[in-house]
Amino acid sequence: MSVSASASTETPAKPVRGIPAVPFWAQIIAGLVLGVLLGWITRTYDVQWLHTTLDKVGHIFVQLLKLAVAPLVFFAILVSITNLRKVNNAARLASRTLLWFMITSLIAVAIGLAIGLVTNPGAGTGLTPKDGKMPETAGSWLDFLTGIVPTDVITPFTELNVLQIVFMAVVAGIAALKLGEKAQPILTLSESVLELLQKALWWVIRLAPLGTVGLIGYAIADYGWDLIGKYATFTADVYIGCALVLFGVYPLLLATVAKVNPVQFFKGAWPAIQLAFVSRSSVGTMPVTVKVTERLGVPKEYTSFAVPFGATTKMDGCAAIYPALAAIFIAQIFDVQLSVGDYLLIAFVSVIGSAATAGLTGATVMLTLTLSTLGLPLEGVGLLMAIDPVLDMMRTATNVAGQALVPVVVAAREKILDLDAYNSASGSEVDDEYGVHDAEPKVNVPVTA
């Protein structure tokens, strides 16, 4: 699952005789069912200790994921950039990757806008501007542009400013490329640290079934079905929009642009998609996303660049579908008429500002950036905070699917996709074995006409 590692020669642990191993996906489903049941019991019978327990279990799981985010992003981006030295036509691959990030984001935001205009999610909810409240943090274009460059090298890690961490990692990676052999000791250390972080993060990932119980149970216990009912149309819009992108747009691109079997993509990528749904963190899911993308036949050197960058900037769910629908929802609650120019602004923000989401749980910063650009009241963010955990599961699953999709599309168009590996990709769960490999020779990447 490593960005820079090949498959380990170690033999995975076998289940104890007589006790069959429970597939990871089944553990996740069991966690979902148990979480809903415990949440219902907690809310129905007002079991305070269970309410607190669910809150703590979910909170600890998310905190463990976040604990690895800052160093993981830094070293993954740094190593991914330096790995491009092993690939000919790296600039072409990078530009094509970013181009397809933008294309799919535009498609996603267009779908979000279309659904919002048809369904009017803010109508008939019974919510008023008084129900909203100012968010604790807000994004603006000035903050976005000036906030990319950190004032020191420590604060971005302590305050988890992922955008600034990405900036420092990119600078360090480019500097390492320029230094050449002189930077090799640093690169070796970086690859080793990355291996360590991913191994530790895998232990956290294995706790996902327990985290699911806490996160889902607390959401049901704290918010209840009544609150979800008020947001029924908006919630359905987000899920339908994400489903259209996930199971409509992505398969269409795979079939027509990449010219591969879409079913095989979902078979291979499913472990990452299901983990993203539970964890609600693109960065937390990144090691699994790397592994499944490699399993789908994308060259390791290209995967190690495309997936880490996608995990911090490629957000079709959080940065395209969701802000488009949320802007329409909030505008209707506050009785503000949006013009064609406003809709174009939403599309612009979705494509350019998606890095503000930074692959973390939630999309509040992206939403505040969109609202401030449109001149809509930021209090509208408060209207959606209660329902956010339920929405974020589907948004993040869509994000991660897109982060695996684009490398497959680009690799197929550049004729570097291993079709045999792609066509044989299975839905088996990703193991946690890591192995460090020696530096590989430069890979020749054919350039299409």
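**Figure 1. The whole chain at a glance.** The chain's secondary structure adds up to 18 helices and two strands; helices here are DSSP runs of H or I with at least four residues, strands are runs of E with at least two, and both are numbered from the N terminus. This is a predicted model, where local features need pLDDT of at least 70, side-chain atom pairs count only at pLDDT 80 or more, and totals for chains, interfaces and linings use all residues. Residues are numbered from 1 along each chain as its sequence is written, and side-chain values use heavy atoms, with hydrogens and water left out. Of the 449 residues of the chain, 56% count as buried; buried means under 20% relative accessible area, exposed means over 50%, and partly exposed is in between, using a 1.4 Å probe and protein chains only. About 19,000 Å² of the chain is exposed, and 66% of that comes from carbon and sulfur atoms. Such areas come from the Shrake-Rupley method with a 1.4 Å probe, and for residues only the protein chains shown count as cover. Look at contacts between residues at least 6 apart in sequence, and 87% of them join residues at least 24 apart; a contact here means heavy atoms within 4.5 Å.

**Figure 2. E414 and its two arginine partners.** Side chains of opposite charge can pair when their charged atoms come close. A search of the whole structure turns up six salt bridges, each one a side-chain nitrogen of Lys or Arg within 4 Å of a carboxyl oxygen of Asp or Glu. In one of them, R92 meets E414 at 2.8 Å, N to O. That pair links distant parts of the chain, with R92 in helix 3 (residues 90-119) and E414 in the loop between helix 17 (388-413) and helix 18 (419-423), 322 residues apart. E414 also forms a salt bridge with R96, where the closest N and O atoms are 3.1 Å apart. Here again distant parts are linked, since R96 sits in helix 3, 318 residues from E414. How buried or exposed are the partners? E414 is buried because its relative accessible area is just 1%, while R96, at 26%, is partly exposed. Through shared partners, salt bridges join R92, R96 and E414 into one network.

**Figure 3. A salt bridge between D316 and K314.** The side chains of D316 and K314 come together at 2.8 Å, N to O, in a salt bridge. Both of these residues are buried.

**Figure 4. Aromatic rings, in pairs and in a cluster.** A pair of aromatic rings is described by the distance of the centres and the angle of the planes. The structure holds nine aromatic pairs, meaning rings of Phe, Tyr and Trp (its six-membered ring) with centres within 6.5 Å; planes under 30 degrees apart count as stacked, over 60 as edge-to-face, and the rest as tilted. Take F74 and F157: their ring centres are 5.9 Å apart and their planes meet at 65 degrees, so this pair is edge-to-face. It links distant parts of the chain, F74 in helix 2 (residues 48-83) and F157 in helix 5 (residues 155-158), 83 residues apart. F74 is buried at 15% relative accessibility, whereas F157 is partly exposed at 31%. Elsewhere, ring pairs tie Y231, F234, Y322 and F329 into a cluster. R395 lies over the face of Y322, 4.1 Å from the ring centre; for a charge to sit over a ring, NZ of Lys or CZ of Arg must be within 6 Å of the ring centre and within 35 degrees of the ring normal.

**Figure 5. M286 and its surroundings.** M286 belongs to helix 11 (residues 282-295) and is buried, with 2% relative accessibility. Which residues does M286 touch, leaving aside its neighbours within four places in sequence? The contacts are L72, A76, V307, P308 and A311. M286 and A311 are 25 residues apart in sequence, and their C-alpha atoms are 6.4 Å apart in space.

**Figure 6. Two loop residues with positive phi.** Most residues other than glycine have a negative phi. K259 has a positive phi, near 60 degrees, and sits in the loop between helix 9 (232-258) and helix 10 (262-279). D335, not a glycine either, has a positive phi of about 55 degrees and is found in the loop between helix 13 (317-333) and helix 14 (340-352). K259 is exposed at 64% relative accessible area, and D335 is exposed at 64% relative accessibility.
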